[in-house]
Structures are given as structure tokens and as C-alpha cells.
Amino acid sequence: MTEDPFDAIEQMLAAMFGPQMAADAVAALRASGVDPERLAQMSGMGDLSRLTPAQLGGLQAQLQQLFAGAGGGTVNWAMGQDLALRTVRGDADPVITAADAERIRDALAVADLWLDAATDFMPAPGPREAWTRSKWVERTLPVWKEVCAPVADAATSALADALEQQINRLPDSEAAAAHMGALGKLMRSMAGTAFGLQLGQAIGELGRQAVAATDVGLPLMRESGTALVPTNVATFAAELEADVEQVRLFLAVREAAAARLYAHVPWLRSQLLAAVEAYTRGIVIDVEAVEQAVAQVDPNDPEAIRRALESGMFSPQDTAAQKEALENLETLLALVEGWVEVVTARALAPHLPLAVALREMVRRRRVQGGPAEQVFARLIGLEFRPRRVREAARLWEQLGAELGDADRDAFWRHPDVVPTAAELANPEDFLTMRRAAQDMDAQMDADLASLLDGTLGYADGAKDADAGNSESGQDRPEGH
């Protein structure tokens, strides 16, 4: 038993940060007027002064997890992953049975056979897998870290700074300032944990909805392969009141088509993630908005911090750089989704009666979004509903009809060749504009060649005739 709750806190912090930093942090907490029981509320342990040794050890372990993964202004991804996994398991995450795995592998194998008639891209290498919701979180989290890290780090630092300023405004803040280094570490840990938990919650919600590895358009696996989530496929089919086998085949063809594209267009994955990074890196945190939000927050109340995060305090500023980065990202996502739609429709047309209806249902689902996407939009300003998907689909359909599948897919051979945002605005004029540009380039090349060999400005054969006249003396002045 411990009479002074701060003694218990100091004991736990000493195990994590060392005796001196623990003493400084507790001194700062005392001087700031912090209620030590707030830390107990974070763990549900109740009165710190009445903890048994076993409960004290449990609280120490929880605080270790809380603070250890978020020092220095970075996000506590360990707790974020833990919350994501608890979220996807909240309403059951059935194990994959042998029958489930076989049905998924069969559907993905059939998908590859059907896609051979719709694209020259070969099947993606790698395994064909059935994932639980938990597996979806575990396999995609490394990419989510890449996507979210730039803005998460900036937002965490802004929140930590605002929390520290709020501590400075408390009574006896001058006494606390002497120990602000240690307290600042704790504040940054709390901020990093709060942001990590919000991202974990959003990723977990996506994991409850995602039917495949490429469900949000981004390449969420670092390695090649295809995967479906049988539990979510069945739920999706039930929501549509559609035959689950047809839905499974439809989603398998979409997944296999996206996997082929990413596997055989080497630059695409890196360009997409670079576009996301450029967008998130350019996000400007509105420090004044953060400070105003935190001014209403008890800095030792994690629930209040969570509510402040959800208020949208990190909404990105509408800068020119942000607009350009967002346009680049949306264009690439629309081109990917439009190509997948067209190729999927071609592959399914002879085989699946529900294909057209399912295509529209998937489009509607993407446009409507869900709670998880709303969280991402608030936290990092990123939405997974690119505009102009219909325009991109019309463009790929037109290219396939006029040029054939091989020449259509050749537009993926280099990032300088893929359609631009301006060209997506007028997909019907794409080929006319490209051919006109090619003719202009060819004329410029011809003019440059003529300039270099001295024939620029002469009609065909004129230079030779002029040279002949010069040799016969006809071009010399009279009297000579």
C-alpha cells in the first residue's frame, strides 16, 4: 500500500525513465496541481493509494506501454495497432477455415483466368490468400504508417506543444517550469498516444469493412499477391442482398486486376505513395486552432484529448501546394480505379450476370464512404474517394475500343505517358489531343534537324537548286 499517490507514480516512472527523470516529472506534476488520480482513471485502477502490488504492477505495465512508444513527438503505433486489432475483433473475427481458404483461392484463380481475356498484364506473382480482419490490419499497417507518418508527427508535436503551454498556465507554473523537460516528455507521450489511438481506431474500422488488400485504392501490401477477407465479403453480399458466390467472384476479379497493375507497372506504387507523402508532408498545422482547442482541455484527461482530436483541429490549410499535391494524388487514384473497373467489367461480362449491378454498388459504396474514412479526413485530410473515376473509366474504355487492350495498357509504361488531370476533364478528346501533340513534336524535331543541317526555310530541293545556281555564276552581281 502507498499513502501518497505520487509515490506510486514516481516508482513507476523511475522504472521507465530512470530515478532522476521520474523525480523531476513528479515534482513538475506536483507543482502544476495535477490530480494524480487522473492517471488511475486512464487505466481504470481507481484509487492509487489503495493499489495492491499486483495492481500496481499492472498499472506500471500500462503506463510503460502508454509512454514508451511515443517519445520525441512521434506516434505511438504500438497502442494504435493494439486498438485497431481490438476494434476489428470487437464484433467477432472468425478464423479462416480450410473451406473458406479454398473458396477464396479458387475465386482468385478463376479471376486470373478471366482477366487473361481483358488485359495483356500477366497474373501478379505471390500467394492467393484468405485473411481475417486481424490479418488485414497486421499486413496493411506498415503502409498506413508510411501514409500517415508525416502529418501524424507534425500534429503530435503541435498537440504536445499546446499541452505544455496549457501546463504553463496552471497555478505555480513557475515551479513546474524547472522540471518542464521531464514533464514535456510525458506530454509528448500523451499526445503521441492520443493520435496513435485515433489512427488505430480508424484503421480498425476500415478493417471491419475492407473486402480485399486493395480496397481503398492504395497498394496496402508491400509485397505482391492477392487477398480477400471472407467475413467482410459475406457481410457485403448480405448488405446488397446478393448471391455471395457472385459477389466473391466479382471482388476477386477486382483484386486480381489491381494486383496485376501494381505488379507490372513498376513505378506506380512508388509514385502513388510519393503523392500521398507529398500531400501529407505539405499539410500545415493550424497551431492557433490547436491551442484554442487545447485551452478547453484538461491536459491530464486522455478522453478530453481524444474529443479535441475528433473536433478536426488538424484540418489541412488550403494552400496552392496542397491543391497541386491533392490533384496529383486524386488523378492517379482515379486512373487506377477507372482501369480496374474497365478491365473487371471486360473480364466478367461473359460470366457473371450481376457484374453491372455490382459495379454500380461498389461505386456507390466508395462515394458514400464510412466512419473510418471520415476519421482519416479529419486527422490527415486524406479521402479515399477520388473524383473523376467515371471520366477515367470512360477514357480507358475508349482507348480499349479504339486501340485494343495492349495499346491501352501501354499508357502505363511511364509516368510521363499516363493521362493528366486536364486530359481526364475531356476524356473524349484524349486521343485527338495526344495525336496533335505528337504531330507538333514531330514537326519541331524536323525543324530542329533542318536547322542543324542548314536547310531550315528552304522548300524541298530549293537548297540544291540554289547551290547549282551559285556554281554557274547566276547568283553573282552584274558586271562581275
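This is a short talk through one predicted model, from the whole chain down to a few of its helices and residues.

Hi everyone, and thanks for having me. Please keep in mind that the model is predicted. Let's begin with the whole chain. Its secondary structure comes to 22 helices and two strands. The chain has 480 residues, and 48% of them count as buried. Now take the contacts between residues at least 6 apart in sequence: 79% of these join residues at least 24 apart.

Next, let's follow a stretch of the chain from α10 onwards. Helix α10 covers residues 230–240, and its buried residues are Pro230, Thr231, Asn232, Val233, Phe236 and Ala237. Pro230 comes up again when we look at Asp100, a residue in helix α6, which is residues 98–115. Is Asp100 buried or exposed? Its relative accessible area is 17%, so Asp100 is buried, since the cut-off for buried is under 20%. If we skip residues up to four places away in sequence, Asp100 touches Val95, Ala130 and Pro230.

Back to the end of α10. What follows this helix is Glu241, with a positive phi near 55°. Glu241 is a residue other than glycine, so please look twice at that positive value. Glu241 sits in the loop that leads from α10 to α11, the helix of residues 244–264. Here the relative accessible area is 75%, and because exposed means over 50%, Glu241 is exposed.

On to α11 and how it packs. Two packed helices are described by the angle between their axes and the distance between those axes. For α11 and helix α16, residues 355–368, the axes come within 11 Å and cross at roughly 65°. That angle makes α11 roughly perpendicular to α16. The crossing is right-handed. Which residues make the contact? From α11 there are Gln246, Val247, Phe250 and Arg254, and from α16 there are Ala355, Leu358, Arg359 and Val362. Sorted by class, that contact has five nonpolar, one polar and two charged residues.

Now a quick check you can do yourself, on helix α12, residues 266–281. With 16 residues at 1.5 Å a residue, α12 should span 22 Å, and its end C-alpha atoms are 24 Å apart, which agrees. The buried residues of α12 include Trp267, Leu268, Leu272 and Tyr279.

My second helix pair is α15, residues 320–348, with α18, residues 389–403. Their axes are 8 Å apart, and the helices pack at an angle of about 55°. That makes α15 oblique to α18. This crossing is right-handed. On the α15 side, the contact is made by Ala334, Leu335, Glu337, Gly338, Trp339, Glu341 and Val342. The α18 side brings Val389, Ala392, Ala393, Trp396 and Glu397. By class, we have eight nonpolar, one polar and three charged residues.

Two of those tryptophans lead to my last residue, Asp409, in helix α19, residues 405–409. Asp409 has a relative accessibility of 5%, so it counts as buried. Leaving out neighbours within four places in sequence, Asp409 is in contact with Thr119, Asp120, Phe121 and Trp339. How far apart are Asp409 and Trp396 in space? From C-alpha to C-alpha they are 8.7 Å apart, and in sequence they are 13 residues apart.

That's my tour, so thank you for listening!

Terms used
Residues numbered from 1 in each chain as written. Predicted model: local features only at pLDDT ≥ 70, side-chain atom pairs only at ≥ 80, totals over all residues. Heavy atoms only, no water. Helix = DSSP H or I, 4+ residues; strand = E, 2+ residues; numbered from the N terminus. Expected span 1.5 Å × (residues − 1). Buried < 20%, exposed > 50% of the residue type's maximum accessible area, 1.4 Å probe, protein only. Axes fitted to C-alpha atoms, helices over the stretch in contact; angles between N-to-C directions. Parallel < 35°, antiparallel > 145°, perpendicular 65-115°, else oblique. Left-handed = near helix turned anticlockwise from the far one by under 90°. Contact = heavy atoms within 4.5 Å. Nonpolar A, V, L, I, M, F, W, Y, C, P; charged D, E, K, R; others polar.
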